[in-house]
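Reader: I keep running into labels like "donor" and "polar contact". Could we go through a structure and see how such labels are earned?

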Amino acid sequence: MWRGLWTLAAQAARGPRRLCTRRSSGAAAPGSGATIFALSSGQGRCGIAVIRTSGPSSGHALRILTAAGDLPPARHASLRLLSDPRSGEPLDRALVLWFPGPRSFTGEDCVEFHVHGGPAVVSGVLQALGSVPGLRPAEAGEFTRRAFANGKLNLTEVEGLADLIHAETEAQRRQALRQLDGELGHLCRGWAETLTKALAHVEAYIDFGEDDNLEEGVLEQADIEVRALEVALGAHLRDARRGQRLRSGAHVVVTGPPNAGKSSLVNLLSRKPVSIVSPEPGTTRDVLETPVDLAGFPVLLSDTAGLREGVGPVEQEGVRRARERLEQADLILAMLDASDLASPSSCNFLATVVASVGARSPSDSSQRLLLVLNKSDLLSPEGPGPRPDLPPHLLLSCLTGEGLDGLLEALRKELAAVCGDPSTGSPLLTRARHQHHLQGCLDALSHYKPSKDLALAAEALRVARGHLTRLTGGGGTEEILDIIFRDFCVGK
Ligand SMILES: Nc1nc2c(ncn2[C@@H]2O[C@H](COP(=O)(O)OP(=O)(O)OP(=O)(O)O)[C@@H](O)[C@H]2O)c(=O)[nH]1
Ligand SMILES: [K+]
Ligand SMILES: [Mg+2]
């Protein structure tokens, strides 16, 4: 209900640069003039809980709860006694922080109450705030939404913030922080400026093409810049799947002949008994998937049935599922029993799965493969090692743990290639939305042919620029905002 008003307020706040589609909304709504409050730290018993407010009545609420005429100095922590304004009953001795707008997270007047984290204190302070006229509880993501509306964050930064809150691995945290720092937005704004300049040149040519006063080579210059931009966009789009894997997890599939030790490896890497391990070949039938943090990267690790033919219908179905899952793998962990390399199942596996992935060049295949020879503890120290004609491989013993560090290091390198390394390189496109707009921009530029039709070329530049602006939130529709802000919790 408050959406309609929010849109209008947002438009006013952001000016014409960020126009939103207006939605008809009949009834009156509280709107963004209200002051919102929420518990911003996690729920449950904890040492300190942070409650915050945002909106014009924040200062008034702070004065009422601290029963003080004056506000504390801005952006300094001050110790104050909080009491319930209705009964005067003391609630807690707390640190309070006063952030007058616009120098605050949301751009509005904000207050933070750092109270003792017991549930009774928290609910007492929340109730006291609720009793102050003009204050209401915040909706999920409403603080961030106000920050966005007031131009404190652009859309890719908002997404970075959502990802940072949900980041579970090192690599995800690093990537989210880079996005929150505005790297992707910065890049897009630079590209949009290039297009604006090119558009100005083309339009100048349309208006004054015949005029002698026009500088020479104006169109040629625009052409060079647009073509360079196409190259840059292409490179980023080729990277796009990596960023999405980093956000939602890379698919790593363990495969090999029966009894190679696949389930043992899955349990070792996930540090929990995900799969049944037994000396009986054909133990694993279903695909067992578990999310794990591998060397700092988010991974969906799948254990699968041992690949072999001529077995009963249930195991055959398991083998079918294993092959199906293999197709979806970003990284294949191909496993063999090092003491059993001459067996028909090992030879068959090497000749089919390993050879077929290895034969593809890394550029035309998004799949990568690591060959692991397990049960190295069964090889005699003096006797001949694994066959020299094998493709590059790692030795491992799931039993003794020998070779595990080497495997983890190899996994880190492979996953950095699969997901992109968030500590280096250009900003990753972590969402399908980013990819959609960059592709839209590139498609539009393919219609840029100033030698044929200047008016159409100018229109192509305008469409292309529109995609870049929408990526960072300019002209975004409310539907997109709703989807993005849904990821947030109340209090953020
Ligand atoms: N000696 C030795 N035995 C191992 C090692 N890793 C696994 N095993 C044993 O090999 C047998 C098979 O292990 P699993 O992990 O069930 O093998 P799997 O590949 O999942 O087997 P299936 O699911 O039947 O295809 C079990 O008895 C394990 O204890 C190892 O590094 N050294
Ligand atoms: K087994
Ligand atoms: Mg198994």
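Author: Sure, let's take the labels in turn; keep in mind that this is a predicted model.

Reader: What makes Ser 263 and Thr 284 donors to the magnesium ion (ligand 3)?

Author: Donors are N, O and S atoms within 2.8 Å of this kind of metal. Ser 263 (OG) and Thr 284 (OG1) sit at 2.0 Å, so they count as donors. The two come from distant parts of the chain, 21 residues apart: Ser 263 is in helix H10, and Thr 284 is in the loop between H10 and strand S8. Both Ser 263 and Thr 284 are buried, which means under 20% relative accessible area.

Reader: Why is the pair Asp 377 and ligand 1 called a polar contact?

Author: The label needs a pair of N or O atoms within 3.5 Å. A polar side-chain atom of Asp 377 is 2.8 Å from a nitrogen atom of ligand 1, so the pair qualifies. Ser 397 also has a polar side-chain atom 3.4 Å from an oxygen atom of ligand 1, and that is within the 3.5 Å cut-off too. With Asn 259, a backbone N or O atom is 3.1 Å from a ligand oxygen atom.

Reader: How do you know that the protein covers ligand 1?

Author: Alone, ligand 1 exposes 650 Å², and the protein buries 88% of that. There are 23 residues around ligand 1, with Lys 262 and Ser 263 among those that come nearest. H10 gives the largest share of this shell, 3 residues.

Reader: What kinds of residues make up the shell around ligand 1?

Author: The shell divides into 8 nonpolar, 11 polar and 4 charged residues.

Key
Residues are numbered from 1 along each chain as its sequence is written. Chains are lettered from A and ligands numbered from 1 in the order in which they are written. This is a predicted model: local features need pLDDT of at least 70, side-chain atom pairs count only at pLDDT 80 or more; totals for chains, interfaces and linings use all residues. Side-chain values use heavy atoms; hydrogens and water are left out. Donors are N, O and S atoms within 2.8 Å of the metal (3.2 Å for Na, K and Ca); water is not among the atoms, so sites may look incomplete. Helices (H or I, at least four residues) and strands (E, at least two) are DSSP runs, numbered from the N terminus. Buried means under 20% relative accessible area, exposed over 50%, partly exposed in between (1.4 Å probe, protein chains only). A residue is near a molecule or strand if one of its heavy atoms lies within 4 Å of it. A polar contact is a pair of N or O atoms within 3.5 Å; within protein, one must be able to donate a hydrogen and the other to accept it, and residues adjacent in sequence count only if both atoms are side-chain atoms. Accessible areas come from the Shrake-Rupley method with a 1.4 Å probe; for residues, only the protein chains shown count as cover. Ala, Val, Leu, Ile, Met, Phe, Trp, Tyr, Cys and Pro count as nonpolar, Asp, Glu, Lys and Arg as charged, and the others, Gly among them, as polar.
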